[in-house]
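This report walks through one protein chain, beginning with how its helices pack and then turning to single residues. Please keep the sequence and the 3D view open while reading.

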Amino acid sequence: MIYKEDIFRKREIMGELLLTLYLSLKKALKSKGARPFLISGFLTSLGDWIYFVAMSAFLFNQFGPIAIGLLSVIRQTSGMFFAPVAGFLADKYSKKKLVLLSNLSSAFLMAVLLILTSAENQSLLTYLIIGTLLVLSATLDRICKLSLVPNLVDKEDRLALNSLLNTIGTFSLMIAPIFGGFLVGTGVLTWNFLFNTIAYILSFCLLSFLPKNIGSNTLIKHNESITIKSTYKEWVVGVKAIFKKRDMRSLTILMFLNHVIVGSTFVFIPMLSQLIGLGDQGIGYLLTAIGVGSIIGALIGAMIGSQSLNIAISIGVIGLPLTLALSGFHEYMILSFLFVSLLGIFANIGDGPMWTYLQRITPSEQSGRVFSTVDVITVGGMSLGSLITGFLISYLSLKLSLIIFASVIILVSAYSLLELITKYKGKIIDNKENAQ
């Protein structure tokens, strides 16, 4: 009898959590500016991936594989170096105006690519310069949007909005390569750049409907001169803010480790695909499975995080490396798809709650610099994850490499998680308490 009552109680709690999640998502969508903000995010994310597919195909056909490698290096390094500048600008000027400028710039650059590819321009340097400018524009867009989230919804609804942003970002990642490949397959490459030009113009129009004064920095003096030296000096403020505060430091480490594992998947998934007999085609299938898991994980993270951010973060950061360790233990196709789906689930269970936690504890006047610093660190984490995994697999078996790699991450994650939770012992970040 007690057993049945426990089952009914668990079902009742699950129903309450689902209802809470639904109401929170519904409230976030009804917030002024949230819908155009989300649709804009979907369009720009879709445009970024379609551009990458089209440009990769174009550069490979015109200049060979080395050109693709150069484009990839430029995308990562230029984004990392410009992120501090973007964060400083986001703290100094109106975030809404900067986002609008970013979308307008991206639309213009896509139109330039449309003209150049139609004219069959053969200058690799020209395409690499445009690629660099597009990354700078996208970086400014991302940093400003992260800083705008706290201004769009009430404090208790930030997790819901972050989860929705995560979901649409993952969804665009799933469909953009397929759609971009279809457009490339038509034989008319300019269709990709035409689509992107329209997408960024639509995004610009949508963001124009955001509240007029949202993201304005009235407390910052606008007559201060901006130099490279002063920009990076201001960025140091964000770095110090992160590593001086224990909770910020712990969160940043956990987010870094999450992205280290994401970076490792770029290396081990091709090997896993060969291991289960799917060959090169299986890489796309496995990545799609991760994408599906990511959407599920974002929703689960929002549901659990609506009750306690600490619990959602704990499940994500411990479950992710454990799943990674188990991924290379077998040669069964079904289990492989199950484990990579779980990687997507656990990676996103903690991601939205971690960003929500960080947004809550970051002073508004430092948000751009702090978020840009975290962005640089996490991007660096993906590169490091790929590098370490590739090195380990080159000298060890796939199974042993993943066990060693995951074990180290579990130990560091457990320490950082304990540090984060004990910081607020007796005062756990709980959405219920904040709502009251």
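A crossing of two helices is called left-handed if the near helix is turned anticlockwise from the far one by less than a right angle, and right-handed if it is turned clockwise. The model to which this term is applied here is a predicted one.

## The chain as a whole

The chain contains 15 helices and zero strands. Of its 436 residues, 50% are buried. Among the contacts in the chain with a separation of 6 or more, 86% are between residues 24 or more positions apart.

## Three helix pairs

Two packed helices are described by the angle between their axes and the distance between the axes. The table sets out these values for three pairs.

| Helix pair | Angle between axes | Distance between axes |
|---|---|---|
| α2 and α4 | roughly 25 degrees | within 12 Å |
| α2 and α7 | about 160 degrees | 9 Å |
| α11 and α12 | roughly 150 degrees | within 8 Å |

The first pair joins helix α2, which covers residues 34–63, to helix α4, which covers residues 95–118, and their axes cross at roughly 25 degrees. Because angles under 35 degrees count as roughly parallel, α2 and α4 are described as roughly parallel to each other. Their crossing is left-handed. On the α2 side the contact is made by Ser40, Thr44, Tyr51, Met55 and Phe58, and on the α4 side by Asn103, Met110, Leu113 and Thr117. Sorted by type, the residues of this contact are five nonpolar, four polar and no charged.

Helix α2 also packs with α7, at an angle of about 160 degrees and with the axes 9 Å apart. Angles over 145 degrees count as roughly antiparallel, and α2 and α7 are therefore roughly antiparallel to each other. Here too α2 passes its partner, α7, in a left-handed crossing. The residues of the contact between α2 and α7 comprise 16 nonpolar, six polar and one charged.

The third pair is made up of helix α11 (residues 309–326) and helix α12 (residues 333–361), whose axes come within 8 Å and cross at roughly 150 degrees. That angle makes α11 roughly antiparallel to α12. The crossing of α11 and α12 is left-handed. Residues of α11 in this contact include Leu309, Ile313, Val317, Leu320 and Leu324, while those of α12 include Phe339, Leu343, Phe346, Ala347, Met354 and Arg360. The contact of α11 with α12 divides into 17 nonpolar residues, six polar residues and one charged residue.

## Single residues in their surroundings

Phenylalanine 204 lies in helix α7, which spans residues 190–207. Its relative accessibility is 25%, so phenylalanine 204 counts as partly exposed. Although phenylalanine 204 and proline 36 are 168 residues apart in sequence, their C-alpha atoms are 9.8 Å apart in space. Leaving aside neighbours within four places in sequence, phenylalanine 204 is in contact with Leu100, Asn103 and Leu104. One of these, Asn103, also belongs to the contact of α4 with α2.

Asparagine 258 is part of helix α9 (residues 246–275), and with a relative accessible area of 6% asparagine 258 is buried. Apart from residues up to four places away in sequence, asparagine 258 touches Val317, Leu320, Ala347 and Met354. These four residues also appear in the contact between α11 and α12, with Val317 and Leu320 in α11 and Ala347 and Met354 in α12.

Leucine 417, in helix α14 (residues 398–423), is buried as well, with a relative accessible area of 9%. The C-alpha atoms of leucine 417 and aspartate 247 are separated by 9.4 Å, while the two residues are 170 residues apart along the chain. Not counting its neighbours within four places in sequence, leucine 417 is in contact with Leu254, Ile313, Ser314, Val317 and Ile318.

Which residues does glycine 344 touch, not counting residues up to four places away in sequence? They are Ile290, Gly293 and Ser294. Glycine 344 itself is found in helix α12 and is buried, with a relative accessible area of 1%. The C-alpha atoms of glycine 344 and threonine 288 are 9.7 Å apart, with their positions 56 residues apart along the chain given as the separation.

Serine 294, one of the residues touched by glycine 344, has its place in helix α10 (residues 281–305). At 7% relative accessibility, serine 294 counts as buried. The side chain of serine 294 reaches the backbone oxygen of isoleucine 290 at 2.8 Å, and isoleucine 290 is likewise among the residues that glycine 344 touches.

Methods
Residues are numbered from 1 along each chain as its sequence is written. This is a predicted model: local features need pLDDT of at least 70, side-chain atom pairs count only at pLDDT 80 or more; totals for chains, interfaces and linings use all residues. Side-chain values use heavy atoms; hydrogens and water are left out. Axes are lines fitted to C-alpha atoms, for helices over the stretch in contact, and angles run from 0 to 180 degrees between N-to-C directions. Helices (H or I, at least four residues) and strands (E, at least two) are DSSP runs, numbered from the N terminus. Angles under 35 degrees count as roughly parallel, over 145 as roughly antiparallel, 65 to 115 as roughly perpendicular and the rest as oblique. Contact means heavy atoms within 4.5 Å. Ala, Val, Leu, Ile, Met, Phe, Trp, Tyr, Cys and Pro count as nonpolar, Asp, Glu, Lys and Arg as charged, and the others, Gly among them, as polar. Buried means under 20% relative accessible area, exposed over 50%, partly exposed in between (1.4 Å probe, protein chains only). A polar contact is a pair of N or O atoms within 3.5 Å; within protein, one must be able to donate a hydrogen and the other to accept it, and residues adjacent in sequence count only if both atoms are side-chain atoms.
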